[in-house]
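Please look through the structure shown here together with the notes that follow. They cover a sheet with its neighbouring helices, and then how some helices pack on one another.

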Amino acid sequence: MVFVVLCLFLGGAAGTNKISDEESGVGESGRAGRITASGHFTEKPEENVLITASNGGKLDPATARQAAAGLTGKMRALPEVESVGTPLPSPDGKALLLPVTMKGDAENADTRVQPLLDASAATEKAHEGIRIDQIGTGSTAKGLGETLGADFEKAELISLPLTLLILLVVFGTIIAAGVPVLLALSCVGAAIGLSTLASHVLPETSAVGNVILLMGMAVGVDYSLFHLKREREERRKGASHLDAIEIAAETSGHTVVVSGTTVIVSMAGLYLAQEATFASLATGSIIVVAVAVLASLTVLPALLAKLGRWVDRPKVPLLWRLTMRSHESRVWPVLLRPALVRPALTLVVSVGALLALALPALDMKLKQPGSDDLSRDIPVVQAMDRLTSAFPSKGTVHQVAVRAPAERAGEVEAALKTLLRRTEGQGLFAHDQTPTIRASADKRVHTVAVGTPHSPRSDGARKSLELLRAWVPQALAPVRDAEAAVGGKVAQGVDFTGHLEDRMPWVVGFVLLLTFATMALIFRSLAVALSAILLNLLSAAASFGVLVAVFQHTWAEGVLDFHSSGAVVSWLPLFLFVVLFGLSMDYHVFVVSRIREAALDGAEVRDAVRDGITRSAGVVTSAAIVMVAVFAIFGTLSMVEFKQLGVGLAAAILLDAVVIRVYVLPALMTALGRWNWWPGRTAPAHRGEHTAGTDETRQLRLPQPVRASATHDGQGPGYGQGVGYGQEPGSGREPSYGQQEQPCVPQQPYTPPSGYGPQGSYGPQEGWTQPGQPGHDGRPDPYQR
């Protein structure tokens, strides 16, 4: 708690260093932004008050002028207003535009614009037959912020109770269900504070908070589930509460470290995109995952130890009985039967199905999101449409920026005027207003905004950009030492998409290479590492195919309430790939670790695959349900980029948990047989011989306990009810220690490794005495203590 509060306090005290326009741009548009920033122009927040007829028809000039005059007086009387311009009629006479300039900074204009909106609303009410819309720096940000902010609030209000409800079904007790949420929220809080501090090294984008929340809840709940489920499993086998926590820390804790490392490696690949926004998202994600790993290794065991038996209180009667069933699930053996009995056929069919889902991804088109992607039901979006219809130059704008020595200022202005004359008569450019050339105070930088009547993502807007970028060098050729570039929203989209297409192979290659190396090092198997890479690539490709099929076509518009742009948001595939690779590797590491445990216990490959997947199925399924439910909520938001993010993540996790883990992975591992562990040692030939940690040279033959009961729970020797050791003191059942073939005396000091003992039960330790020796009472020494 002190750590979380300290992180939030230090982050709040340091403040956030936001990414500036000149830092976030790439290509020619980024250069245009940097040229403009070097001119140190004073950017005042501007508002456009549009007066039109309420029925959308011809505007009465007298009524419009009277309303404009009254509104001008009200605006000038406001302390937030610096100046009010002259009303400007539209070319078709259907609208009147009143420009207003606000005082103060453009960054917080949305918090000061309400008095202006009130004045516009009062004027509209006083004049019958007219409509007054206000669109500008503050009003647009306020309108969109309220609508989209309500979306996120709704998503958060739904996601938290939904997560708790799912966890309640998983654990059957209220406290156990609350622990993962508590851990995840504390990790998010600490990470937000730390990322704020990190922003002074790598500037932060405004979206990093949402990404931290998304990743923090995902990995925080996952890691808690891994730990809690294993701790409960060991207690069910007869271990004491503290012993169960230790076993969970050795096994699931090790898996958490491996999973967290792979997620961090994946997210680090975003740095190779060489773009400030991706670098910020990578930093936030890495911080929250690292905090989640740290918390799961320290806070979670401590919390479970402190709670004791209260972790299973209060019980929900029916759910508690369902979660504590001791017999083996009947569902998972049935689902796994095709992969175990006919692995080759199952592999071909399941991989073929995923490849069929991935086919649409070959036709993926990328575009930057814009105003076209916003729902037309939002009032401020409707106002923007009416403004750009009457005054096209207020819509899509190309920004021409020129930097030259101050003594060349006259030549630069003349060249820009020549450029503007060339755009006259061209249908690709707007002509409702004459563009204004701005010069910096030192006369070194000049800018001019050239409008186009086409929407930002249209072919017309792209063609106008191409034409302007061809004309600018020609116009400025006579000016020596001049540097020019064309920016704006259309240019940023084109340049950003091209930049990502160039950098994507580097990012993907980095993620694949480092993930392969990490998996090979941890599992000592090139086969496991290679299969992990291939399966996660297959899962990501299938999710991309679903994304393209849903959003590049129109069939799902009614279901998800969006207007298809015929493209996928340009930043999404790269970000989605990295996130999916990290989160999918979480499940993969956890499942393969359980399979390897069974294999090290001497099980045949087919049995090890069945036992590992069956034992991990509850955790993986529970975590997947939580993730799919939370991600699916993002598909209900208004912004199409968040819809695509939510649908892509939900589809990928669902495919990964169902198709990959149930059919592809078990079929592949069964088909490979003992080659799964190539080129390392294969699993021991019989049960009871174990490898300590990853040290292949250190082995110990464990004694086989004598069961007090002839019943067998299907979980292998050495655990379950009636085991000769591992019973909890005070349970009313004294553990019996049967005859052994050899004395239970370790040959060397022994530290229990991850996965030690028969499937996690305790092996011999120092301090054990032989039967008949002084101090031996028929029980292992830990019970005497």
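Helix H15 (residues 409–423) lies across strand S7 (396–403), S8 and S9, and runs at about 5° to S9. Helices (H or I, at least four residues) and strands (E, at least two) are DSSP runs, numbered from the N terminus, and angles, which run from 0 to 180 degrees, are taken between N-to-C directions, with axes as lines fitted to C-alpha atoms, for helices over the stretch in contact. This is a predicted model, in which local features need pLDDT of at least 70 and side-chain atom pairs count only at pLDDT 80 or more, whereas totals for chains, interfaces and linings use all residues. Residues are numbered from 1 along each chain as its sequence is written, and side-chain values use heavy atoms, with hydrogens and water left out.

**The sheet and its helices**
- Helix H16 (residues 459–475) also packs on the sheet, where it touches S7, S9 and S10, and its direction makes about 15° with that of S7; contact means heavy atoms within 4.5 Å.
- The sheet is open and has four strands in the order S8-S9-S7-S10, with antiparallel pairing, two strands being paired if DSSP finds at least two bridges between them.
- Strand S8 (437–439) and strand S10 (483–488) stand at the edges with a single partner strand each, so one side of each has no neighbour in the sheet.
- From one strand to the next, the twist averages 20°.
- S8 and strand S9 (residues 445–452) run antiparallel and are joined by three bridges; arginine 438 has threonine 447 in S9 as its bridge partner.

**Helix H6 against H21**
- H6 and helix H21 (residues 605–634) pack at an angle of about 165°, with their axes 9 Å apart, which makes H6 roughly antiparallel to H21 (angles under 35 degrees count as roughly parallel, over 145 as roughly antiparallel, 65 to 115 as roughly perpendicular and the rest as oblique).
- The residues in this contact, among them Phe152 and Ala155 of H6 and Ser622 and Ile625 of H21, divide into 13 nonpolar, three polar and no charged (Ala, Val, Leu, Ile, Met, Phe, Trp, Tyr, Cys and Pro count as nonpolar, Asp, Glu, Lys and Arg as charged, and the others, Gly among them, as polar).

**Helix H6 against H14**
- The axes of helix H6 (residues 137–171) and helix H14 (residues 379–390) come within 8 Å and cross at roughly 140°, which makes H6 oblique to H14.
- Ser139, Thr140, Gly143 and Leu144 of H6 meet Val380, Val381 and Met384 of H14 in this contact, which has four nonpolar, three polar and no charged residues.
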